[in-house]
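Subject: Structure handover

Hello,

Here is the structure you asked about, followed by notes on what was found in it. Please read the notes with the model open.

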Amino acid sequence: MILFERNNFFPLKKKYLTKELNLKIKKDIIFTNCKNDFYVEDISSLQNFKDNSILFLDKNKNIDISNFKNIHIYTENEIYKKNFENITIVKNLNNIYNKFLNELYFHEDQTDFTDDFDFTNGSFISKYSDIHESTKIGKNCVISRGVKIGKNSIIKNNVTIKNSIISNNVVVSDNSSIGTTGFGFDINKRGASNLNPQIGIVFIDQNVSIGASCTIDRGKLDITYIGKNSMIDNQVHIAHNVILGDNACIAAQTGISGSVVIGKNVTIGGQAGFAGHINIGDNVIIAARSGVTKNIKDNSVVAGFPATDIKEWKKNVIKQRNNWY
Amino acid sequence: MILFERNNFFPLKKKYLTKELNLKIKKDIIFTNCKNDFYVEDISSLQNFKDNSILFLDKNKNIDISNFKNIHIYTENEIYKKNFENITIVKNLNNIYNKFLNELYFHEDQTDFTDDFDFTNGSFISKYSDIHESTKIGKNCVISRGVKIGKNSIIKNNVTIKNSIISNNVVVSDNSSIGTTGFGFDINKRGASNLNPQIGIVFIDQNVSIGASCTIDRGKLDITYIGKNSMIDNQVHIAHNVILGDNACIAAQTGISGSVVIGKNVTIGGQAGFAGHINIGDNVIIAARSGVTKNIKDNSVVAGFPATDIKEWKKNVIKQRNNWY
Amino acid sequence: MILFERNNFFPLKKKYLTKELNLKIKKDIIFTNCKNDFYVEDISSLQNFKDNSILFLDKNKNIDISNFKNIHIYTENEIYKKNFENITIVKNLNNIYNKFLNELYFHEDQTDFTDDFDFTNGSFISKYSDIHESTKIGKNCVISRGVKIGKNSIIKNNVTIKNSIISNNVVVSDNSSIGTTGFGFDINKRGASNLNPQIGIVFIDQNVSIGASCTIDRGKLDITYIGKNSMIDNQVHIAHNVILGDNACIAAQTGISGSVVIGKNVTIGGQAGFAGHINIGDNVIIAARSGVTKNIKDNSVVAGFPATDIKEWKKNVIKQRNNWY
């Protein structure tokens, strides 16, 4: 698990006691038990617990937070009442997530978010960013608050990078957008003002090449990860929370939905798509224009929509055509 | 019908009398009847008639313009001769459209179009735009002539907005292009110089969220409309004249062709596509990677290409696979 | 074959004798015969031989270079030993290509590449570019070293153009990237540092219209060509070495893979895709969302994936559906 200092990207507006926070959502509370009151310093996720944090817990998840100090849980699930001593049962967890995160953090989808830029060599570079002097930044780029870029990287022109940590020897080509807001909201409550605040980052590991007009959304609470030596072609979209293993090769116009986890040495053809929350094994080859809807095992070669073993897919294509006449 | 002042975006080069205009196309005229000569002040569309305008009338359209003062019709269809007192029958309507609109209006696809910008906080803001002071504009944006943006909106970085009216609480993410030129031309006469001038606008209603690297083309004569509370993910393309109802949700890399009309509360998966000029009802769900080729009724759930009822599609997928062995 | 002066875009770092170059790859050499030593001035491709150059020769290619003076061949194929007097057999041709080109040329994927810009009217224009005064450049563009743009063209806003020659009357819309790096590398050796240097250009012929957020990669050694009067919609991707014939029409979100050759008067619907290295004839119509995997003859109309005759495809769609019940 790669950690990052959330406050570098999303400054905490104010430290609240959990009891203070609960006062703000009085009407939404069904039950609350607050054994320890404490100042909330961070948000935990299911993958990443933190001391002095709050945790939004979906239905039917078993967790063990016994090693952590001061985690207050918010959930809709009354069963958890007995399991935790710092817990609040709420009516609509998604609403509470939005309310609390907007209250706690500055982020770019609220008008009160600020940054402070130098105009250097034709690009806007945040005073709160940290770019190694050996890295080259083209013209008309915007490198925002908290961004860190390692050695010998090349950021071409008209690139926007925010909420991201970029390692050494990375290339990002023109007009790409790294660290943008993930597409997260309650499907029953739409609109810009109902977007779930996205306060994670993008982490791009060493020696990655990213093409032109790509979009990589930051994680919701944790990271969107691009593994070492990965090659990403133009107009590729990578959604929030995706974990892409080392040595990936992704051809143009492919889209990877939220929370997809992809193993190492995967090769993906152009215009492929992925359903959200699926797992792709190591050494998998996914043919161009595949629509992958399910988990794929290591060493598989798949094609078609829904994607399936490529030999079966080819057989089927021939069979269908024989049937046409 | 949302109206807009065309002249704010596309200044009229000169007021012509209809008889003056007809002198410019002498060789292309088959018949003309010009009961009232008048100064042409606007262009009517089939959805939107205007006094003192000209109207380009395709074959086989019944219209009633009796409530309007001074509409001169141009058409290839000789049948209309008797129906209207101000009418010119021409050989090639598309040619006349191009000739007249290029003669009448300044627009961005001609080199004589001008604008005048202030460089404010790192973005180019037209002196002829009107942006509410509560709205935040990022760096390297270009906000062009006539654009109006309401309250508390957030325009991120490297965004271009032209020929658009944007309401309150709208978010437009990085590297998106709003109000761009629609893909309209006579398929038999190609090339940049034969593009049909596009002199409509984009209207984005309240509380809409638009992702990164999206493109939304302006209407040809009227508007491309994005309904209230709509959520649009990254790399979505919306073509000219599309009407998107309120509360739409469109996942990444979907493309909506010209003149598609979509109802309210529609949910569209990623990488879906739509044939032009079709109608999608209210509350429709369109699965990811669907290719929608026909009208879809209210409350339908569709998938596949050509898109069909999702249950049938799933049944078919299973059946096909059983046949493989 | 359109020629261009490579040095205008990719300055030669130093003139090397072939024997000097071979000293740099000692361990990789299996055999070498160097009848004439000479200063290497350029790189030949299989389509374009040049005097005083080196040529990287893949397996199983017959070539006749007898009319050219001083071409030193690098290949993995020992059979060629006898055919050429200036030849080096190497272990891994791809490695040698990368090593030599990085040694010989400045290019944008290395940190030592430089350019020198004027900031003119809101865009960065290289001092080494040549733009006709009648051409209009919008705001926040970057026009890089060597770029030539003809008369009466319109480059809109936030466009990046590098390594390209653009003719008269061309329109390039917002946020497009022209002349970007092609997606070329040894599939077994990934990572930004292993990218095959791409030292060709994009040539856009007269009266072409290119939409918003398009990406057109430059050729690897030769050109990516966009034929006269072609109309390209938004979010289209055209990969390296593509040759697109005159009067092409390409709807939104289509992707054309590397080295595809497309004839004249071709019409391509939206969201279509093409396998690499295939040939499409003249007057071909390719339906929206087609996945074209094989060569297509003149005057064909195709649809589906894999794309096939559209009548057969439609018949099949109906047949499948009849089978569902």
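A:Cys214 is a convenient place to start; it sits in the loop between β18 (209-210) and β19 (215-217) of chain A. Please keep in mind throughout that this is a predicted model. Is A:Cys214 buried or exposed? A residue is called buried if 20 or more other C-beta atoms lie within 10 Å of its own. A:Cys214 has 30 such atoms within 10 Å, so this cysteine is buried. Leaving aside residues up to four places away in sequence, A:Cys214 touches A:Ser176, A:Ile232, A:Asn234, A:Gln235 and A:Val236. A:Ile178 is 36 residues from A:Cys214 in sequence, and the two C-alpha atoms are 7.8 Å apart in space.

Next, the sheets, beginning with chain A. Eight strands of chain A make an open sheet with parallel pairing, in the order β8-β11-β14-β17-β20-β23-β26-β29. At its edges are β8 (130-131) and β29 (279-280) of chain A, each of which pairs on one side only. Within this sheet, β14 (residues 164-166) and β17 (residues 201-204) of chain A run parallel and are joined by three bridges. To find the register, look at A:Ser164, whose bridge partner in β17(A) is A:Val202.

In general, strands of a sheet pair through backbone hydrogen bonds, and the pairing is either parallel or antiparallel. Chain C offers a sheet where the pairing is mixed: 10 strands form an open sheet in the order β6-β7-β10-β13-β16-β19-β22-β25-β28-β31. The edges are held by β6 and β31 (291-292) of chain C; each has a single partner strand, so one side of each has no neighbour in the sheet.

Three pairings in the chain C sheet can be followed residue by residue:

- β6 (residues 117-120) and β7 (residues 123-126) of chain C run antiparallel and are joined by four bridges. C:Thr120 has C:Ser123 as its bridge partner in β7(C). The hairpin of β6(C) and β7(C) has two residues between the strands, and C:Asn121 takes a positive phi near 55° there.
- β7(C) also pairs with β10 (residues 142-143) of chain C, in the parallel sense and over two bridges. Here the bridge partner of C:Phe124 in β10(C) is C:Val142.
- β25 (residues 255-256) and β28 (residues 273-274) of chain C run parallel, with two bridges between them. The partner of C:Ile256 in β28(C) is C:Phe274.

One helix of chain C is also worth a look. Helix α3 (residues 93-104) of chain C has 12 residues and reaches 16 Å from its first C-alpha to its last, close to the 16 Å expected at 1.5 Å a residue. Which residues of α3(C) are buried? They are C:Ile96, C:Tyr97, C:Phe100, C:Leu101 and C:Leu104. These residues cover an arc of only 115° around the axis, and therefore lie on the same side of α3(C). What they pack against is α2 (18-23), β3 (53-57), β4 (71-75) and β5 (86-90) of chain C.

Finally, the way the chains are arranged. A turn of 120° with a shift of 0.0 Å along the axis lays chain A on chain B, with an RMSD of 0.0 Å. The two copies are therefore related as by a three-fold rotation axis. The copies use different surfaces, in that 14% of the contact residues of chain A recur in chain B. Chain C superposes on chain A with an RMSD of 0.0 Å after a rotation of 120° and 0.0 Å of shift along its axis. Here too the copies use different surfaces: 14% of the contact residues of chain C recur in chain A.

The contact between chain A and chain B takes 37 residues from chain A and 43 residues from chain B. On the side of chain A that touches chain B, β16 (177-180) and α4 (310-323) of chain A are the elements that give two or more residues. α4(A) gives the most, with four residues. By type, the residues of that side of chain A divide into 12 nonpolar, 19 polar and six charged.

The contact of chain C with chain A takes 37 residues from chain C and 43 residues from chain A. β16 (177-180) and α4 (310-323) of chain C each supply at least two residues of the side of chain C that touches chain A. The largest share of that side, four residues, comes from α4(C).

Regards

Methods. Residues are numbered from 1 along each chain as its sequence is written. Chains are lettered from A and ligands numbered from 1 in the order in which they are written. This is a predicted model: local features need pLDDT of at least 70, side-chain atom pairs count only at pLDDT 80 or more; totals for chains, interfaces and linings use all residues. Copies are superposed by least squares on the C-alpha atoms of residues with pLDDT of at least 70 in both. Two residues are in contact if their C-beta atoms, placed from the backbone, lie within 7 Å. Ala, Val, Leu, Ile, Met, Phe, Trp, Tyr, Cys and Pro count as nonpolar, Asp, Glu, Lys and Arg as charged, and the others, Gly among them, as polar. Two strands pair if DSSP finds at least two bridges between them. The expected span of a helix is 1.5 Å times one less than its number of residues. A residue is buried if 20 or more other C-beta atoms lie within 10 Å of its own, exposed if 12 or fewer, and partly exposed in between; C-beta atoms are placed from the backbone. The arc is that of the directions from the helix axis to the C-beta atoms.
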